Amino acid sequence: MMTGFDAFAEMERQGWSDPVISEGYVTRFAEMTRQVVPVMAAQVPEGVAVLDLCCGQADIAAALQAKGCDVTGADFSEQMIEFARERVHGVNFVRADAQALPFDGHCFDAVVCGFGLMHVPDQPAALAEVARVLRPGGLFVMSCWEPPQRSDVFGTVFGAIMAQGDPSVMLPDSPDFYQFAEEDHARAAFAEAGLAHQERFVFEAVLRLEDPAALMDLFATGAPRGGYLLRHQPDDAKARIRAAIARGVQEKGHQAADGLWEIKAPVAINRGVRAGC
């Protein structure tokens, strides 16, 4: 795929192939993503054929399987597919590129994509593939993070990196990570792919931390983009960023009765259907 985002694609490939990042995501970062699983699964009717696209560790696949769905899981990361196969049995997990899926057309009643599309270099191609494999009238549901200006978690982390980090440490050119959180963009991108956008709504996920500064570790070891920006900082910048993140959690979050710190990470969910009859 020629998208102009080749360096970004390589960063994502290396990140999700790194056992530290993949395991960190499954054991720590996914505390936030798992909160959205029941909401995503509730959108899908019982007993249908469904593709869990960018399935990761298969949390959504497991929830759909429990509803009696015939589930296929697809992810480009061998590390994540291994996690999925270890955790969920009876699901066909396939290592596959979301931009060129190895499935026949019109073979799924629904496609779900939890926090995956923003990691794909050619997002229009991935959406076109979603439309291709869906039966006419089939359902597409995707989730993505709300942008830093509307998210205490992402605002705290990336605000601290911007204010205290080395400005020479930059991500490769990439699609806007948060663009599908904006309904106008989601609606237009869906339409271009042949999907009719139906609804956008927000789920209020909450991250709980033992230590305010642990939010930095969560991103450094469980997210390819945040991890890239944090790991490449000089030591003095890392110390400043850690202190700024800890202050941000204390200012934007609150300490619960059990002593844990809670801070919000809202999620945008878009739902649409494949056009045609």
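Strand E8 (residues 261-274) is largely enclosed by the rest of the structure, because 12 of its 14 residues are buried. Buried means under 20% relative accessible area, exposed means over 50%, and partly exposed lies in between (1.4 Å probe, protein chains only). Strands (E, at least two residues) and helices (H or I, at least four) are DSSP runs, numbered from the N terminus. The model is predicted: local features need pLDDT of at least 70, side-chain atom pairs count only at pLDDT 80 or more, and totals for chains, interfaces and linings use all residues. Residues are numbered from 1 along each chain as its sequence is written, and side-chain values use heavy atoms, with hydrogens and water left out.

E8 pairs with several strands. Two strands pair if DSSP finds at least two bridges between them. Strand E6 (residues 195-209) runs antiparallel to E8, and 14 bridges join the two. Within this pairing, Arg-208 has Glu-262 of E8 as its bridge partner. Strand E5 (residues 134-145) is also antiparallel to E8, with 7 bridges. Here Met-142 is matched with Asn-270 in E8 as its bridge partner. Strand E7 (residues 254-255) adds 2 bridges to E8, again antiparallel. Gln-255 has Trp-261 of E8 as its bridge partner. E7 and E8 form a hairpin with 5 residues between the strands. In that hairpin, Gly-259 takes a positive phi near 95°.

E5 has a second pairing, with E4. The two strands run parallel and are joined by 6 bridges. Val-112 has Val-141 of E5 as its bridge partner. Of the 12 residues of E5, 9 are buried, so this strand is largely enclosed by the rest of the structure.

Two loop residues other than glycine also have positive phi values. His-106 has a phi near 60°. This residue sits in the loop between strand E3 (92-95) and strand E4 (108-114). His-106 counts as partly exposed because its relative accessibility is 40%. Phe-115 has a positive phi of about 60°, although it is not a glycine. Its place is in the loop between E4 and helix H6 (123-133). Phe-115 counts as buried because its relative accessibility is 7%.

The whole chain has 11 helices and 8 strands. Its radius of gyration is 18 Å, close to the 19 Å that the globule rule gives for 277 residues, so the chain is as compact as a globular protein of that length. The radius is taken over C-alpha atoms, and the rule is 2.2 Å times the number of residues to the power 0.38. Along the principal axes, the C-alpha atoms fill a box of roughly 55 × 45 × 35 Å.

Buried residues make up 56% of the 277 residues in the chain. Contacts (heavy atoms within 4.5 Å) were also counted by separation along the chain. Of those with a separation of 6 or more, 76% join residues 24 or more positions apart. The chain exposes about 11,600 Å², and carbon and sulfur atoms supply 52% of this area. Accessible areas come from the Shrake-Rupley method with a 1.4 Å probe; for residues, only the protein chains shown count as cover.

The chain has 23 positive and 38 negative side chains. Lys and Arg count as positive and Asp and Glu as negative, while His and the chain ends are not counted. The centres of the two sets lie 2 Å apart. Each charge is placed at NZ of Lys, CZ of Arg, CG of Asp or CD of Glu.
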